Each structure stands twice: as structure tokens, then as C-alpha cells.
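Me: I should like to understand how descriptive terms are assigned to a protein structure. May I put some questions about the one shown here?

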Amino acid sequence: MARAGLTAERLTLAGAELADEVGFDKVTVAALARHFGVKDASLYSHLRNSHDLKVRIALLALGELADRVATALAGRAGKDALAAFANAYRDYAREHPGRYAAAQLRLDPETAAASAGVRHARMTRAILRGYDLTEPDQTHAVRLLGSTFHGYVTLEMSGGFSHSAPDSQESWSWVVDALDTLLRNWSAPAQNPSRPPA
């Protein structure tokens with residue numbers, strides 16, 4: 001393939017596609033150069049190094065995921081919004097495993113602040129406002145949802161649920177229902193539960 005027409009944007013998209021095919025950890029400038037049939041040096045006018053490429057893929061993935069979640073959430077509230085958010089998140093991870101892995105890349109504070117990760121946090125908090133959570137409980141709940149969805153999706157994609165009944169979809173629906181019940185009946189834990197009442 002000719003070098004003409006290569007841009008940082010095109011290389012980023014190709015890198016994201018490569019990540020879905022072979023895994024995000026295997027995406028490098030050298031691997032991308034082989035994909036395009038050019039020498040590594042041909043790409044360095046567009047990319048600083050492999051880390052730069054991975055950051056660009058991470059930002060692309062965060063943007064795509066935020067767009068998908070926003071579309072899923074439109075016009076929804078309460079449990080419907082929670083389920084739509086969860087399903088959009090899970091579907092994206094299963095359809096784009098390399099991109100999903102990229103979205104977990106740790107970014108420097110300035111890059112993270114300018115990324116679509118901020119939109120994810122805002123959308124999560126918008127869902128939680130429907131459950132009347134205030135701070136600091138809202139932040140605890142944001143972390144709970146993120147940990148639960150990421151943990152489930154990661155285990156599922158690694159085959160952790162493929163050897164036993166019930167089907168992972170049934171468990172996923174149960175998890176979303178359980179989170180909704182928890183959020184509707186949220187009660188902040190005691191500050192020092194081990195201490196007997198006075």
C-alpha cells in the first residue's frame with residue numbers, strides 16, 4: 001500500500017481495528033507499518049511512538065463508547081437508563097475487545113480531562129440522580145457501577161462464565177436488577193460499624 005494518504009486519524013482507526021483483531025497489547029508502530037506494507041519510519045511523521053498510538057486509540061475508543069452510551073440513554077430514566085447504559089457498555093466491549101482494552105489505558109491527567117471519559121462520568125451521574133443519591137454516596141455508586149460492569153465484562157470475555165449454567169446473559173440481567181434494587185434502597189453504611197451503639 002502506498003504511503004500517500006496516511007494520516008494520524010487513519011493510522012489511529014487502523015490501529016483500533018488491529019487491536020480488535022490481535023489484542024491492544026500487540027499494537028505497535030511496527031505492527032501498524034506491517035499492516036500498511038510500509039517501513040516503520042514512514043509512520044513517524046504522524047505518530048511519535050507506540051505509546052502515542054495507543055493513547056490515540058484509547059481516546060478514539062472512549063469517544064465511540066460515550067457516543068454509544070449517549071444514544072442508548074436518550075429519553076430513558078431510572079432502571080431503564082441503568083440497563084441501557086450497562087447493555088451499551090457490554091455490547092461495545094464484546095464487539096470491540098481491543099478498543100475496550102484501549103479505553104482502560106491510564107491517561108495523564110491533562111489528556112484524561114480532555115477525553116470522553118468525562119462524558120462517561122457525567123452520564124453515570126445523570127443516571128444516579130434518578131436514584132436521589134447525594135455526595136459522597138453518588139461517587140461511591142459511580143465506582144460500584146464501573147467496577148461491576150468492567151469486572152463482569154472482563155470475566156465474560158475471558159471465558160469465565162462459559163462452563164456453567166445459567167447462561168451469562170441471565171446472570172447479567174440479574175446483576176442489573178440487583179444494582180437497581182441496591183440503588184433504590186441505598187443506605188450509607190455506618191461510619192464505624194464495629195463500634196457498639198452508645
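Me: What makes His46 and Leu47 contacts of Asp52?

Reply: Contact means heavy atoms within 4.5 Å. Leaving aside neighbours within four places in sequence, Asp52 meets this rule with His46 and Leu47. Asp52 itself belongs to helix 3; helices (H or I, at least four residues) and strands (E, at least two) are DSSP runs, numbered from the N terminus. The model is predicted: local features need pLDDT of at least 70, side-chain atom pairs count only at pLDDT 80 or more, and totals for chains, interfaces and linings use all residues. Residues are numbered from 1 along each chain as its sequence is written, and side-chain values use heavy atoms, with hydrogens and water left out.

Me: Why is Asp52 called buried?

Reply: Buried means under 20% relative accessible area, exposed over 50%, and partly exposed in between (1.4 Å probe, protein chains only). The value for Asp52 is 6%, so Asp52 counts as buried. Arg56, at 28%, is therefore partly exposed.

Me: What makes Asp52 and Arg56 a salt bridge?

Reply: A salt bridge is a side-chain nitrogen of Lys or Arg within 4 Å of a carboxyl oxygen of Asp or Glu. In this pair the closest N and O atoms are 3.3 Å apart, and the rule is met. Because Asp52 and Arg56 are 4 residues apart in helix 3, about one helical turn separates them. Side chains of opposite charge can pair when their charged atoms come close.

Me: How many salt bridges does this rule give?

Reply: The count comes to 12 salt bridges. One of them joins Asp20 and Arg99, with the closest N and O atoms 2.5 Å apart. This pair links distant parts of the chain, since Asp20 is in helix 1 (residues 8–22) and Arg99 is in helix 5 (residues 97–103), 79 residues apart. Arg99 has 6% relative accessibility and is therefore buried.

Me: How do you know that Lys79 and Asp177 form a salt bridge?

Reply: The closest N and O atoms of Lys79 and Asp177 are 2.6 Å apart, which satisfies the rule. This pair, too, links distant parts of the chain: Lys79 lies in helix 4 and Asp177 in helix 9, 98 residues apart. Lys79 has a relative accessibility of 36% and so counts as partly exposed. Asp177, with 34%, is likewise partly exposed. Elsewhere, salt bridges that share partners join Arg90, Asp91, Arg94 and Glu156 into one network.

Me: Is Asp180 buried or exposed, and what makes its link to Arg184 a polar contact?

Reply: Asp180, in helix 9 (residues 168–184), has 4% relative accessibility and is therefore buried. A polar contact is a pair of N or O atoms within 3.5 Å; within protein, one must be able to donate a hydrogen and the other to accept it, and residues adjacent in sequence count only if both atoms are side-chain atoms. The side chains of Asp180 and Arg184 are joined by such a contact of 2.9 Å. Not counting residues up to four places away in sequence, Asp180 also touches Lys79, Leu82 and Tyr131.

Me: What is notable about the backbone at Asp132?

Reply: Most residues other than glycine have a negative phi, and most peptide bonds are trans. Asp132 is not a glycine, yet its phi is positive, about 60°. Asp132 lies in the loop between helix 7 and helix 8, and its 69% relative accessibility is why it counts as exposed.

Me: Where are cis peptide bonds found?

Reply: One joins Glu135 and Pro136, with omega about 5°; Pro136 is in the loop between helix 7 and helix 8. Another joins Ala165 and Pro166, with omega about 0°, and Pro166 lies in the loop between helix 8 and helix 9.

Me: How many helices and strands are there in the chain?

Reply: The chain has 9 helices and 0 strands. Of its 198 residues, 38% are buried. Among contacts with a separation of 6 or more, 68% involve residues 24 or more positions apart.
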